[in-house]
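Subject: A structure for you to look at

Hello,

Here is the structure I promised to pass on. Please have a look at it first, and then read on for what turned up.

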Amino acid sequence: MTQTHSQRSSFIGRNPSVLYFLAALGLFTALVTVMSEAVGTGLVSTSFVKTLGKTLCLCLVAIAMDVVWGYCGILSLGHFAFFGIGGYAIGMWLMYARTEIIVADSLAGQTIPPTPQEISDAIGNQIFGVVGSSDFPLIWAFADSLWIQLAFVVLIPGALALIFGWLAFRSRVNGVYLSILTQAMTLALALYLFQNDSGLRGNNGLSGLQNIPGFADSGQDMVSIVFFLASALALALGYLFFLFFAWITDSKLGNIIQAIRDDESRVRFLGYHVESYKLFVFTITAIVAGIAGALYYPQAGIINPAEIAPIASIYLAVWVAIGGRGRLYGAVIGAAVVSLLSSWFTGGGAPSIDLGVYTIHWVDWWLVLLGLSFVLITLFAPKGIGGLFDKLVRKS
């Protein structure tokens, strides 16, 4: 018992970032809530509260990416697809429920009450009229049930990751070939969703997701703070959940997972079923990515196939690399810094620089700046921002 207590103490002692992260997240959440327009002084605008809430969701999917890449060595360029699937799953219910309310209100004044079929047809026409249809596709069969769609947020990304991972890992596809394969999966999914007959409104996507049923009497200021708090809670729970992967680094299972990252062939030679370990990590991180997406898109208000394009998953890998691969807090730092800077540069917050012969508009140059930052971090700080933080802590 004494040894076990010593091991636990040593783990906390070696990982003070756990308490620091949770304390910082709690303080940040409290400050934003107090300063919000919904319940506080109004120092933080509703739009910025939504930006911060979305950033917390991106931090959560970055943690999932860090676990699958930093701990297990699987460079997946498809995890943002799972993020988008979670958004589509909850977005279907949000769009159906909101349209149902609108249709019911518009038909309420009729002398003869409308039949359920007439209401259903009117809802279908409202949702799918933009793609020249009025019939509900089969995949919308349970769109009227919140609980089933919430289950789909978990089940569909998990099932897709399980099937894809089983096929890829049993064929022993790894390294750059696995990265290309996950990217191909993401591209195939995006191209399918761009089609109008995909059942998800093609390029139009799902819109109006910020109008949450049950919050009709509340303004967007209250909706934004509710989702901000939910995003903060999800990030905290996700961080604690994935600390399981950090804790098991002192155990046999943890050693196996990290050994797969370092030398997969040797682990297989020692008799371990490598595919099972990789499949477990790949699937569980896909589920967390789906949950993050389900919280993100109601705050964004819209989701379309462009959100699932392969470039989004590449950005995700860049965030983790900049923040520090193999450090959960590093993934959070990378996602938060890059996403907030992206909003500032591309949203017109950064002033243009007039050089006389040429004016630098940061909207056009942001991706160049991001790419340059990634190269510099890779060359001069391969452990990312988190690695620099570790050095400062050790020096102090």
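A residue counts as buried when its relative accessible area is under 20%, as exposed when it is over 50%, and as partly exposed in between. Ser 133 has a relative accessibility of 29%, so it counts as partly exposed. Please keep in mind that this is a predicted model.

Let me stay with Ser 133 for a moment. This serine sits in the loop that links helix H5 (116-128) to helix H6 (146-170). Apart from its neighbours within four places in sequence, Ser 133 is in contact with Gly 124, Asn 125 and Phe 128. Between Ser 133 and Thr 99 there are 15 Å in space, C-alpha to C-alpha, and the two are 34 residues apart in sequence.

Now for the whole protein. The fold has 15 helices and 4 strands. For 396 residues, a compact globule would have a radius of gyration near 21 Å, and the protein has 23 Å, which agrees. Along the principal axes, the C-alpha atoms fill a box of roughly 75 × 55 × 55 Å. Of the 396 residues, 46% are buried. Among contacts with a separation of 6 or more, 76% join residues that are 24 or more positions apart.

On the outside, the protein exposes about 19,600 Å², and carbon and sulfur atoms supply 66% of that area. As for charge, there are 19 positive and 20 negative charges, and their mean positions are 20 Å apart.

What about the inside? In soluble globular proteins, nonpolar side chains tend to be buried together. Here the largest nonpolar core has 103 residues, and those with the most contacts inside it are Phe 80, Phe 83, Trp 140, Leu 206, Leu 235, Phe 242 and Phe 282. Helix H3 (residues 46-71) gives the largest share of this core, with 16 residues. If you would like a place to start, try Phe 80: leaving out residues up to four places away in sequence, Phe 80 touches Leu 58, Val 61, Tyr 297, Glu 307, Ala 312, Ser 313, Leu 316 and Trp 319.

Two arginines caught my eye for their backbone angles. Most residues other than glycine have a negative phi. Arg 172, however, has a positive phi, near 60 degrees, and Arg 201 has a positive phi too, near 65 degrees. Are these two arginines buried or exposed? Arg 172, in the loop between H6 and helix H7 (175-194), counts as exposed because its relative accessibility is 52%. Arg 201, in the loop between H7 and strand S1 (206-207), counts as buried because its relative accessibility is 7%.

The loop between H7 and S1 also holds Asn 204. With a relative accessible area of 33%, Asn 204 is partly exposed. Which residues does Asn 204 touch, not counting those up to four places away in sequence? They are Val 130, Val 131, Ile 302 and Asn 304. Asn 204 and Gly 91 are 113 residues apart in sequence, with 13 Å between their C-alpha atoms.

One last residue to look up is Gly 26, which belongs to helix H2 (residues 17-35). Its relative accessibility is 40%, so Gly 26 counts as partly exposed. From Gly 26 to Phe 345 is 27 Å in space, C-alpha to C-alpha, and 319 residues in sequence.

I hope this helps you find your way around. Do write back with any questions.

Best wishes

Notes:
Residues are numbered from 1 along each chain as its sequence is written. This is a predicted model: local features need pLDDT of at least 70, side-chain atom pairs count only at pLDDT 80 or more; totals for chains, interfaces and linings use all residues. Side-chain values use heavy atoms; hydrogens and water are left out. Helices (H or I, at least four residues) and strands (E, at least two) are DSSP runs, numbered from the N terminus. The radius of gyration is taken over C-alpha atoms; the globule rule is 2.2 Å times the number of residues to the power 0.38. Buried means under 20% relative accessible area, exposed over 50%, partly exposed in between (1.4 Å probe, protein chains only). Contact means heavy atoms within 4.5 Å. Accessible areas come from the Shrake-Rupley method with a 1.4 Å probe; for residues, only the protein chains shown count as cover. Lys and Arg count as positive and Asp and Glu as negative; His and the chain ends are not counted. The place of a charge is taken as NZ of Lys, CZ of Arg, CG of Asp or CD of Glu. A nonpolar core is a set of buried Ala, Val, Leu, Ile, Met, Phe, Trp, Tyr and Cys residues joined through side-chain atoms within 4.5 Å.
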